[in-house]
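Visitor: I'd like to go through this one and ask how each label is earned. Can we put the structure up and start?

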Amino acid sequence: KCYWSKCRFCGISCLDTHSFSQLSMEQLYEMLRENIEENGVRHIQFCDYAMAPAFCTKTGMLEELAIQWTAQCRFEKQFTDPNLLTTMSRAGCTALSWGFESGSSKLLKACSKGGAVTAGARADILRFSFQAGISNHLFIITGIPGETEDDFRETEQFLEANSEYICGLEVHPFQLVPGTSYYQGVFNRAE
């Protein structure tokens, strides 16, 4: 699970068998230091559904390890501070994959996406990340229940307007996953 775990489409957040836990930055630092010494590791991909902004504020201590790393993040208000992204870049962050989902604020609210859902805040985050030397990769979902042609156009317009800050995209069709809020809604209406 990620620290948010409220997105209505997410098949991981709905599982009680997966709880959210996180190492302290000190624990992570020590694990990485040992891996560097024992295995010569220099490139890390943090396989976490979303690295929490509070955790990201502590990544500066990774700078002395001289590693390169990537992570997944959610669009959150804290990332509108360019200093945070600069700190992450100096600490070795080379790429961030963002749970973008849609360019429509209305649709994001309906999905319980939370975080920074306005186009302006999201554009600022991508720009600040790019300016800090971090590549931005976006995850997009099409066909989210309730998505209209106008919602889809908002996504297209956002991507076009911010294309210079986006290095990669993954576009996935919406999937109705058992256990999710969307799935429960379908069966509750059917009863």
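Visitor: Which residues of α5 are buried?

Guide: In this predicted model, the buried residues of α5 are Ala 121, Arg 122, Ala 123, Ile 125, Leu 126, Phe 128 and Ser 129. Buried here means under 20% relative accessible area.

Visitor: And what covers the buried residues of α5?

Guide: The cover includes three helices, α3 (82-90), α4 (105-110) and α6 (149-161), along with strands β3 and β4 (135-142). Contact is what counts, meaning heavy atoms within 4.5 Å.

Visitor: How do you know that the span of α5 is close to the expected one?

Guide: Helix α5 covers residues 119-131, which is 13 residues. The expected span is 1.5 Å times one less than the number of residues, so for α5 that comes to 18 Å, and the helix reaches 18 Å from its first C-alpha to its last. Just after α5 comes Gly 133, with a positive phi of about 95 degrees.

Visitor: What makes Arg 127 and Asp 124 a salt bridge?

Guide: Their closest N and O atoms are 3.1 Å apart. The cut-off is 4 Å between a side-chain nitrogen of Lys or Arg and a carboxyl oxygen of Asp or Glu, so the pair qualifies. Both residues sit in helix α5, 3 residues apart, about one turn.

Visitor: Why is Asp 124 called partly exposed?

Guide: Its relative accessibility is 26%. Partly exposed runs between the 20% and 50% limits, so Asp 124 belongs there. Arg 127, also at 26%, gets that label too.

Visitor: What about helix α1: what joins Arg 33 and Glu 37?

Guide: A salt bridge, at 2.6 Å from N to O. They lie 4 residues apart in helix α1, about one turn. Salt bridges with shared partners also tie Glu 30, Arg 33 and Glu 37 into one network.

Visitor: Why is Glu 37 called exposed?

Guide: Its relative accessible area is 58%, and exposed means over 50%, so the label fits. Arg 33, at 25%, is partly exposed.

Visitor: How many salt bridges are there in the whole structure?

Guide: A search finds 8. One of them pairs Glu 101 with Lys 113, again at 2.6 Å from N to O. That pair links distant parts of the chain, with Glu 101 in strand β3 and Lys 113 in the loop between α4 and α5, 12 residues apart.

Visitor: Is Glu 101 buried or exposed, and how do you know?

Guide: Buried: its relative accessibility is 6%, and the limit is under 20%, so Glu 101 passes. Lys 113 is buried as well.

Visitor: What makes the phi of Glu 101 worth a look?

Guide: It is positive, about 65 degrees, although Glu 101 is not a glycine. Most residues other than glycine have a negative phi. Ala 66 has a positive phi too, near 55 degrees. That residue is in the loop between α2 (53-56) and β2 (68-73), and at 54% relative accessibility it counts as exposed.

Visitor: Which residues touch the most other members of the largest nonpolar core?

Guide: Trp 69, Phe 79, Met 88, Leu 96, Trp 98 and Leu 138, out of 41 residues. Elements that each supply at least two residues include α1, β2, α5 and α6. Apart from this core lies another, of 7 residues, among them Phe 9, Leu 107, Cys 111 and Tyr 182.

Terms used. Residues numbered from 1 in each chain as written. Predicted model: local features only at pLDDT ≥ 70, side-chain atom pairs only at ≥ 80, totals over all residues. Heavy atoms only, no water. Buried < 20%, exposed > 50% of the residue type's maximum accessible area, 1.4 Å probe, protein only. Core = buried A, V, L, I, M, F, W, Y, C linked by side-chain atoms within 4.5 Å.
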